[in-house]
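Visitor: I am new to reading structures. Could you show me one and explain the words you use for it?

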Amino acid sequence: MRVLLIGANGYLGRFVADRLLADPAVQLTALGRGDDADVRFDLASGSPGALTRFLDAVHPGVVINCAGATRGGARELTRHNTVAVATVCEALRRSGCGARLVQIGCGAEYGPSQPGSSTAEDAVPRPGGPYGVSKLAATELVLGSGLDAVVLRVFSPAGPGTPAGSPLGRLAEAMRRAMQSGDGELKLTGLGAQRDFIDVRDVARAVHAASLSAAQGVINIGSGRAVRLRDAAAVLARVAGYGGALHELDGPPGPLRPSIGHPRADSDHVMHATHAVHSAHAGQSAPVVYPYPDGCGSWQQADVRTARDRLGWRPRINLEESLGDIWMEAACRI
């Protein structure tokens, strides 16, 4: 099977590439903007005609699009997440290769959901920010293209390679700084948000399964379980061996305890979920507050039954292992 992977050098794309390269039946070609791509091509500025000519020459059986942007203004997000996908769809329509398209979507397309609920694929999307809007527009382009296509809505990816600017990345970096400087206390704020974290290696397995399947439409990829960020912070401290005290400034009184159990349906911080980590000293200013970046409010949990039924896929890697890998990468910066 010849596979064209777009965005192979990105956070998810690297693990998808590793997964595909481990399959001896796959012949992989990488297309992207970086020098390490087999073929350099910018989807946001390149023409559908040029991409069509390349598709006709390579003749892939599957095209996987992991490319996109997670940061920037509305214009940049639209270029890299929506216009780029329009280029892919138009090129595939013009090409004679007949390739199947696997598009990577995201849970942010759904927007905020009711605490305690699981979001299924038939939920009405109401994205809460420009990133989710740009990804939802891409999904609609794929679904309306008439192609043999599937969109995998990936919820909150975690594990090795997690960006330092993400909520879990910030937690790990703050803990690294505290351990490096010998701080015996960390002040945390805005950890009431609950997210469905899924390991990037499990995401790669889902992409591989989708490329081999005949499934079409939208399929959620998540763990099926929401975890509160304060619980993730406590487990990260245990994994890291951080012996200091963790105090959440805007949460319930008392120290954070390292347990990740079943989700709770209480709705603190419903529309004001924020995230920050800062080491505490007497007289030090209050922590800087960072908004949770996906526009999904206080709660998000995926209904993953479709992935199980149509892809034969289930998550294998638990959050504690993902957090351990995040910490190992952070610790290497000491």
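Guide: Let us begin with one word. A residue is called buried if its relative accessible area is under 20%. This model is predicted.

Visitor: What makes Cys 66 count as buried?

Guide: Cys 66 has a relative accessibility of 14%. The cut-off is under 20%. Therefore Cys 66 counts as buried.

Visitor: How many of the protein's residues count as buried?

Guide: The protein has 334 residues, and 54% of them count as buried. Its secondary structure comes to nine helices and 15 strands.

Visitor: Back to cysteines. How many disulfides does a search of the whole structure find?

Guide: Zero. A disulfide is a covalent bond between the sulfur atoms of two cysteines.

Visitor: Why is there no bond for the sulfur of Cys 296?

Guide: The closest cysteine sulfur is in Cys 106, at 7.7 Å. A disulfide needs the two sulfur atoms within 2.5 Å. So the sulfur of Cys 296 is too far away for a bond. Cys 296 itself is buried, at a relative accessible area of 1%.

Visitor: Now rings. How many aromatic pairs does a search of the whole structure find?

Guide: The search finds one aromatic pair. Its rings belong to Tyr 110 and Phe 155.

Visitor: Why is the pair of Tyr 110 and Phe 155 called tilted?

Guide: First, the distance. The ring centres are 6.0 Å apart, and the limit for a pair is within 6.5 Å. Next, the angle. The planes stand at 35 degrees. Stacked needs under 30 degrees, and edge-to-face needs over 60. The angle fits neither, so the pair is tilted.

Visitor: What does the pair tie together?

Guide: Tyr 110 lies in the loop between β5 and α4. Phe 155 lies in the loop between β6 and β7. So the pair ties together parts that are 45 residues apart in sequence. Both Tyr 110 and Phe 155 are buried.

Visitor: What makes you say that the charged end of Arg 153 sits over the ring of Tyr 110?

Guide: The charged end of Arg 153 is 4.6 Å from the centre of that ring. The distance limit is within 6 Å, and the direction must lie within 35 degrees of the ring normal. Arg 153 counts as sitting over the ring.

Visitor: Let us turn to a helix. How do you know that the span of α6 agrees with what is expected?

Guide: Helix α6 runs over residues 200–212, which makes 13 residues. At 1.5 Å a residue, they should span 18 Å. The end C-alpha atoms are 19 Å apart, which agrees.

Visitor: Why is α6 called largely enclosed by the rest of the structure?

Guide: Eleven of its 13 residues are buried, so the description fits. Among the buried ones are Val 200, Arg 205 and His 208.

Visitor: Asp 199 is in strand β10. Is Asp 199 buried or exposed?

Guide: Buried, because its relative accessible area is 1% and the cut-off is under 20%.

Visitor: What makes the link between Asp 199 and Ser 322 a polar contact?

Guide: The two side chains are joined at 2.6 Å. The limit for such a pair of N or O atoms is within 3.5 Å. The side chain of Asp 199 also has a polar contact of 2.7 Å with that of Arg 201.

Visitor: Where is Asn 81 found, and how do you know that Asn 81 is buried?

Guide: Asn 81 is in helix α3. Its relative accessible area is 2%, against a cut-off of under 20%. So Asn 81 is buried. Its side chain reaches the backbone nitrogen of Ala 69 at 2.7 Å. The C-alpha atoms of Asn 81 and Ser 134 are 5.7 Å apart, though the residues are 53 apart along the chain.

Visitor: Why is Gly 98 called exposed?

Guide: Gly 98 lies in the loop between α3 and β5. Its relative accessibility is 64%, and exposed means over 50%. So Gly 98 counts as exposed.

Visitor: And why is His 59 called partly exposed?

Guide: His 59 has a relative accessible area of 44%. Buried is under 20% and exposed is over 50%. The value falls in between, so His 59 is partly exposed.

Key:
Residues numbered from 1 in each chain as written. Predicted model: local features only at pLDDT ≥ 70, side-chain atom pairs only at ≥ 80, totals over all residues. Heavy atoms only, no water. Buried < 20%, exposed > 50% of the residue type's maximum accessible area, 1.4 Å probe, protein only. Helix = DSSP H or I, 4+ residues; strand = E, 2+ residues; numbered from the N terminus. Polar contact = N/O pair within 3.5 Å; in protein donor to acceptor, adjacent residues only side chain to side chain. Expected span 1.5 Å × (residues − 1).
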